[in-house]
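This report goes through one protein model part by part. Keep the structure in view while reading.

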Amino acid sequence: MTILVTNDDGILAEGLWVLANELKKIAHVVVVAPDREQSAIGTAVTLRQPLRVRRVRPVVPEVDTYSVKGTPSDCVILALSTLIEDKIGMVISGINQGANLGDDVFISGTVAAALQGYFRGLHALAISVEVVSSHYLDTAAGLATQLVKWLDSSAVANNVFLNVNLPDLPLAEIKGVKVTRLASQTHIDTAREGNDGKGKYYWLVRHRTDKSTDNQTDMWAIGQGYISITPLHADLFNRSVPPIPGNLSSDLLQGLRQNQR
Ligand code: MN
């Protein structure tokens with residue numbers, strides 16, 4: 001099997017290469033990754049300028065490696081549609097250096113890259129370690145390998161999209177693995193004002209809220225020292241909201257028609 005490895009921390013990120021080096025032991029690995037850090041770029045795709053691609057020397061020997069001046073989503077779209085001749089069986093994005101928990105999945109380039117694989121019917125895995133300067137990338141790479149083996153087994157019928165996070169702990173101190181759901185309201189985003197002489201500017205600042213007390217969530221699991229595996233899909237439809245009632249529906253239409261007169 002050929003595995004596409006990508007990330008949003010950029011082609012030189014340590015997490016990417018620890019992952020590629022480990023996956024290489026069980027599969028054929030190709031790397032297509034952004035030429036620079038693209039964290040928090042979310043699901044962005046580049047539609048209004050050409051995408052420049054360079055074949056580059058891999059950090060890990062014998063891994064076909066392409067550097068893309070674009071977003072993580074661009075990388076996966078390119079790889080799956082034209083760049084890679086081999087049939088790709090799975091998309092693995094990471095190892096992101098920094099957690100992607102709860103609401104993070106909406107802005108994470110790591111998760112977005114995996115999403116593009118999932119959109120195309122492939123198993124897709126986004127994997128992150130809790131802190132940027134983690135000492136436990138090897139543990140995450142080992143876990144990715146285990147998950148690839150499981151996903152590749154006949155036990156998994158449909159394509160699966162997983163968001164995986166590891167706590168900042170040595171393997172011996174990790175309490176276990178929890179299948180979780182996404183925590184909500186995980187961040188408070190604010191803007192801090194500054195002035196550099198050229199004028200006023202703003203920095204957006206993310207504050208992580210207190211660790212979730214709901215013991216079903218990814219944030220809780222990480223806070224308690226568990227590995228978190230959150231199965232995702234791309235359907236944002238909210239099933240818990242009642243349908244728009246008939247009278248509102250006819251009122252809306254009537255209001256529209258009255259406005260047009
Ligand atoms: Mn990142």
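Ser67 sits in strand β4, which covers residues 64-68. The model is a predicted one. With a relative accessibility of 4%, Ser67 counts as buried, because buried means under 20% relative accessible area. Leaving aside residues up to four places away in sequence, Ser67 touches Ile11, Ala33, Asp35, Arg52, Val53, Arg54 and Val56.

A second buried residue can be read in the same manner. Ile92 belongs to strand β5, residues 88-97. Its relative accessibility is 0%, so Ile92 counts as buried. Again not counting residues up to four places away in sequence, the contacts of Ile92 are Ile3, Leu4, Val5, Thr6, Leu19, Leu23, Leu125 and Val148. For a sense of distance, the C-alpha atoms of Ile92 and Asp210 are separated by 29 Å, and these two residues are 118 residues apart along the chain.

**The manganese site**

Which residues coordinate the manganese ion? The donors come from Asp8 (OD), Asp9 (OD), Ser39 (OG) and Asn96 (OD1), at 2.1 to 2.2 Å. Along the chain, these donors follow the spacing D-D-x29-S-x56-N. Asp9 and Ser39 link distant parts of the chain, being 30 residues apart. Asp9 lies in the loop between β1 (2-6) and α1 (14-23), while Ser39 lies in the loop between β2 (28-34) and β3 (53-55). Asp9 has 14% relative accessibility and therefore counts as buried. Ser39 has 33% relative accessibility, so Ser39 counts as partly exposed.

**Salt bridges**

Side chains of opposite charge can pair when their charged atoms come close. How many salt bridges does the structure hold? There are 7 salt bridges in the structure. The table lists some of them, with the N to O distance of each.

| Side chains | Distance (N to O) |
|---|---|
| Asp64 and Arg55 | 2.6 Å |
| Asp214 and Arg181 | 2.3 Å |
| Arg239 and Asp235 | 3.0 Å |

In the pair of Asp64 and Arg55, Asp64 is partly exposed at a relative accessible area of 29%. Its partner Arg55 counts as exposed, at 56% relative accessibility.

For the salt bridge between Asp214 and Arg181, the positions in the chain are worth following. Asp214 is in the loop between β10 (200-208) and α5 (218-223), and Arg181 is in the loop between β8 (176-179) and β9 (187-195), so the pair ties together parts that are 33 residues apart in sequence. Asp214 is partly exposed, with a relative accessible area of 27%. Arg181 also counts as partly exposed, at 42% relative accessibility.

In the salt bridge of Arg239 and Asp235, is Arg239 buried or exposed? At 60% relative accessibility, Arg239 counts as exposed, because exposed means over 50%. Asp235 is partly exposed, with a relative accessible area of 34%. Elsewhere, Asp104, Asp189 and Arg206 are joined into one network by salt bridges that share partners.

**Helix α3**

Helix α3 spans residues 109-119 and is mostly covered, with 10 of its 11 residues buried. The buried residues are Gly109, Thr110, Val111, Ala112, Ala113, Ala114, Leu115, Gln116, Gly117 and Tyr118. What do the buried residues of α3 pack against? Their neighbours are β1, α2 (72-83), β5, β6 (123-129), β7 (161-166) and β11 (226-232). Strand β5 in this list is the strand that holds Ile92.

Both ends of the helix have a feature to look at. At the start of α3, a side-chain oxygen of Ser108 comes to within 3.1 Å of the backbone nitrogen of Thr110. Just after α3, Gly121 takes a positive phi of about 85°.

**The largest pocket**

Rolling a probe the size of a water molecule over the atoms shows where empty space is left. The volume of the largest pocket is about 560 Å³. Its lining is made of 23 residues, and Val105, Phe106, Leu182, His233 and Leu236 lie nearest its centre. Which elements each supply at least two residues of this lining? They are α3 and β11. Helix α3 gives the most to the lining of the largest pocket, with 4 residues.

Conventions
Residues numbered from 1 in each chain as written. Predicted model: local features only at pLDDT ≥ 70, side-chain atom pairs only at ≥ 80, totals over all residues. Heavy atoms only, no water. Donors = N, O, S within 2.8 Å, 3.2 Å for Na, K, Ca; no water. Buried < 20%, exposed > 50% of the residue type's maximum accessible area, 1.4 Å probe, protein only. Contact = heavy atoms within 4.5 Å. Salt bridge = Lys/Arg side-chain N within 4 Å of Asp/Glu carboxyl O. Polar contact = N/O pair within 3.5 Å; in protein donor to acceptor, adjacent residues only side chain to side chain. 1 Å grid on protein atoms, 1.4 Å probe; cavity = no way out; pocket = protein on both sides within 12 Å on 5 of 7 lines; lining within 4 Å. Points joined across faces, edges and corners; volume = space filled by probe spheres on them.
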